[in-house]
Amino acid sequence: MDKKYKLLVVCGTGMGSSIMLKVQVERTVRANNLPYEVSSDLVSSAKGSVCDVFVAMADLVPILKPLGKPVVGIMNIVNRTEILAGLQEALKVLNQK
């Protein structure tokens with residue numbers, strides 16, 4: 001079985017935009033058969049996460065970067081091309097480890 005990476009969609013407050021981002025990430029993962037298991041949580045819980053990669057809106061990237069895992073920062077929550085590019089780039093980083 002191919003390796004599945006744990007992807008955590010992180011948001012600041014748990015409001016509607018985080019749900020939209022998680023749905024878009026899940027759709028992108030499914031449509032492109034990417035090896036990610038998607039879950040979500042608040043940024044305040046990210047430090048203790050056992051995930052392999054974070055996905056968040058771009059404003060949260062500076063908070064997540066110091067945690068030492070790949071971070072995909074998204075500018076446009078409905079742009080699946082942008083999401084796909086970020087997820088593919090994270091895969092390159094993960095596969096180099």
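Two residues are in contact when heavy atoms of theirs lie within 4.5 Å. Keep that in mind for this predicted model. Take the contacts between residues at least 6 apart in sequence: 61% of them join residues at least 24 apart.

Start with the elements. The protein has 3 helices and 4 strands. From the N terminus on, they run β-α-β-β-α-β-α.

Next, the overall dimensions. The C-alpha trace spans about 35 × 25 × 20 Å along its principal axes. The radius of gyration is 12 Å, which agrees with a compact globule, because a globule of 97 residues would have a value near 13 Å.

Now look at the surface. The protein exposes about 5,700 Å². Carbon and sulfur atoms supply 54% of that area. As for charge, there are 12 positive and 8 negative side chains. The centres of the two sets lie 2 Å apart.

Then go inside. Buried residues make up 38% of the 97 residues. The largest nonpolar core has 19 residues. Leu 7, Leu 21, Val 25, Tyr 36, Val 55 and Leu 87 touch the most other members. Which elements each supply at least two residues of this core? They are strand 1 (5-11), helix 1 (16-31), strand 3 (53-57), strand 4 (71-74) and helix 3 (80-95). Helix 3 gives the most, with 6 residues. Apart from this core lies another, of 11 residues. Among its members are Cys 51, Phe 54, Leu 60 and Val 61.

Follow Leu 87 for a closer view. Set aside residues up to four places away in sequence. Leu 87 then touches Leu 7, Val 25, Thr 28, Val 29, Leu 34, Tyr 36, Val 55 and Val 72.

Val 72 is a good next stop. Val 72 is found in strand 4. Is Val 72 buried or exposed? Its relative accessibility is 5%. Buried means under 20%, so Val 72 counts as buried. Leaving out residues up to four places away in sequence, Val 72 touches Val 53, Phe 54, Val 55, Ala 56, Gly 86, Leu 87 and Ala 90. Compare a pair of C-alpha atoms: those of Val 72 and Lys 3 are separated by 19 Å. Along the chain, these two residues are 69 residues apart.

Gln 88 also lies in helix 3 (80-95). Gln 88 is partly exposed, because its relative accessible area is 38% and the partly exposed range runs between 20% and 50%. Gln 88 and Leu 34 are 54 residues apart in sequence. In space, their C-alpha atoms are 8.3 Å apart.

Finally, visit two loops. Ser 49 is found in the loop between strand 2 (36-42) and strand 3. Ser 49 has a relative accessible area of 18%, so this loop residue is buried. What is Ser 49 in contact with, leaving aside its neighbours within four places in sequence? The partners are Leu 8, Phe 54 and Lys 69.

Asn 33 sits in the loop between helix 1 and strand 2. Asn 33 counts as exposed because its relative accessibility is 70%, and exposed means over 50%. Its backbone deserves a look too. Phi of Asn 33 is near 50°, a positive value in a residue other than glycine.

Key:
Residues are numbered from 1 along each chain as its sequence is written. This is a predicted model: local features need pLDDT of at least 70, side-chain atom pairs count only at pLDDT 80 or more; totals for chains, interfaces and linings use all residues. Side-chain values use heavy atoms; hydrogens and water are left out. The radius of gyration is taken over C-alpha atoms; the globule rule is 2.2 Å times the number of residues to the power 0.38. Buried means under 20% relative accessible area, exposed over 50%, partly exposed in between (1.4 Å probe, protein chains only). Accessible areas come from the Shrake-Rupley method with a 1.4 Å probe; for residues, only the protein chains shown count as cover. Lys and Arg count as positive and Asp and Glu as negative; His and the chain ends are not counted. The place of a charge is taken as NZ of Lys, CZ of Arg, CG of Asp or CD of Glu. A nonpolar core is a set of buried Ala, Val, Leu, Ile, Met, Phe, Trp, Tyr and Cys residues joined through side-chain atoms within 4.5 Å.
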